[in-house]
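Hi,

Here is the structure I promised to pass on. My notes on what turned up inside follow below.

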Amino acid sequence: MVEKALGDANSVFSSKRAALRVLVNHGEKDGFTAARMILSGIPLDETHLQNRLSILMNDEKKRSLYNWWIMKYETILSRLWNYPLIDFAGDKRTHCLPEAIVGVKIHDDLTVDPSLMKGNKSILDFRHFLDRAYQPWIKGSIPDKEQGVQLKLNQWASVPTLGQSMKINKDNQKHQVKKPKLVILSRSGSRALVNKDCLVKMAEDMGFRVEVLRPKRTTELAKMYGLLNKREVMVGVHGAALTHFLFLKPGSVLIQVIPLGTDSPAETCFGKPARELGLKYIGYKILPRESSLYNEYDKDDPVLTNPKGVIRKGWQYTKEIYLDRQNVSLDMRRFHKRLLQAYDYSFKKINRQISYNQTTDLFKLC
């Protein structure tokens with residue numbers, strides 16, 4: 001919706017239809033005057049029209065972005081206080097409230113510091129808050145659909161052969177094997193996983209049920225919650241989309257692929273918070289030959305051999321080289337070990353062959 005709205009706003013200088021829609025929607029006297037000018041045949045590049053359309057286009061973009069932001073986060077925001085959300089750009093009324101917190105309080109990247117919270121609340125409490133917000137929203141849609149698919153799989157798996165008894169007892173049902181579910185977050189542009197298809201095949205051959213997600217800015221958070229809340233393992237290259245790990249249940253596995261030059265932010269932004277959330281975290285640091293930069297620079301270039309030294313030159317080097325110009329091609333033999341580790345743990349966990357206290361040994365090499 002927001003992409004369409006922004007597209008319409010950007011076309012006001014070339015499309016009479018788009019220009020008229022923006023002018024009429026705003027409903028101001030100057031807007032109606034400009035609309036009559038267009039209808040009378042005056043071209044869109046006339047100076048007065050250009051100025052008026054430019055002002056209204058900016059207002060239209062702000063309104064579209066605000067509406068998108070509210071729609072995306074309303075489920076969470078509406079649980080933070082007991083009043084309707086206020087649009088300060090469009091609501092000119094005076095609001096009298098007993099108190100207000102202006103601005104954002106931050107403890108650290110994706111972290112809640114219990115010592116700074118009333119009742120010593122932690123990031124686990126925030127995770128429970130997300131459950132309360134999204135479980136009612138998705139109840140009867142995503143979970144039911146998924147349960148229906150699982151029910152069919154169970155029915156097919158439990159159909160007896162000619163040589164078996166037609167009686168299916170509780171012991172047979174109890175020993176039905178469940179496959180761990182793996183989500184791969186796919187990026188477009190920089191830090192893309194070039195050989196994603198090979199990863200999908202390897203994971204499926206290993207025994208995972210695999211799904212590839214391509215979250216966009218406009219993707220509904222409730223949809224992401226509904227998908228990730230029922231997945232055992234998530235894999236993704238370092239980037240903003242990994243913040244969706246907050247929707248994984250504690251005890252799930254997060255595998256972060258760490259490109260060259262991103263060791264520190266990978267640990268600060270996702271590694272440490274994931275462990276605090278109770279996830280089993282695996283950080284996979286790629287080798288130079290797994291980076292697209294390997295084909296751009298000499299093999300002894302500091303960009304490949306000494307990323308920390310390059311980063312010390314300034315943020316612009318990190319952004320321009322390691323964040324904006326780097327893609328990843330996994331060494332499947334090397335990555336197989338980490339994925340097998342996640343599979344072994346999640347398989348035993350969902351089939352109740354492992355206790356929580358046994359997980360430490362499985363992840364001692366992470």
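The largest nonpolar core (buried Ala, Val, Leu, Ile, Met, Phe, Trp, Tyr and Cys residues joined through side-chain atoms within 4.5 Å; buried means under 20% relative accessible area with a 1.4 Å probe, protein chains only) has 35 residues. Among those with the most contacts inside this core are Leu 199, Val 235 and Phe 335. Helix H14 (332-350) gives the most, with seven residues; strand S3 (233-237) and helix H8 (196-206) are among the others that supply at least two each. Helices are DSSP runs of H or I with at least four residues and strands are E runs of at least two, numbered from the N terminus.

This is a predicted model: local features need pLDDT of at least 70, side-chain atom pairs count only at pLDDT 80 or more, and totals for chains, interfaces and linings use all residues. Residues are numbered from 1 along each chain as its sequence is written, and side-chain values use heavy atoms, leaving out hydrogens and water.

Phe 335 touches (heavy atoms within 4.5 Å) Leu 199, Met 202, Val 235, Ile 255, Val 257, Tyr 284 and Leu 330, not counting residues up to four places away in sequence. Apart from the 35-residue core lies another, of 29 residues, including Ile 76 and Leu 254.

Now for helix H13 (315-323). Its buried residues are Thr 318, Ile 321, Tyr 322 and Leu 323. Seen down the axis of H13, they fall within an arc of 155° (taken from the directions from the helix axis to the C-beta atoms), so they line one face of the helix. H11 and helix H12 (307-311) are among what covers them.

Best wishes

Notes
Buried < 20%, exposed > 50% of the residue type's maximum accessible area, 1.4 Å probe, protein only.
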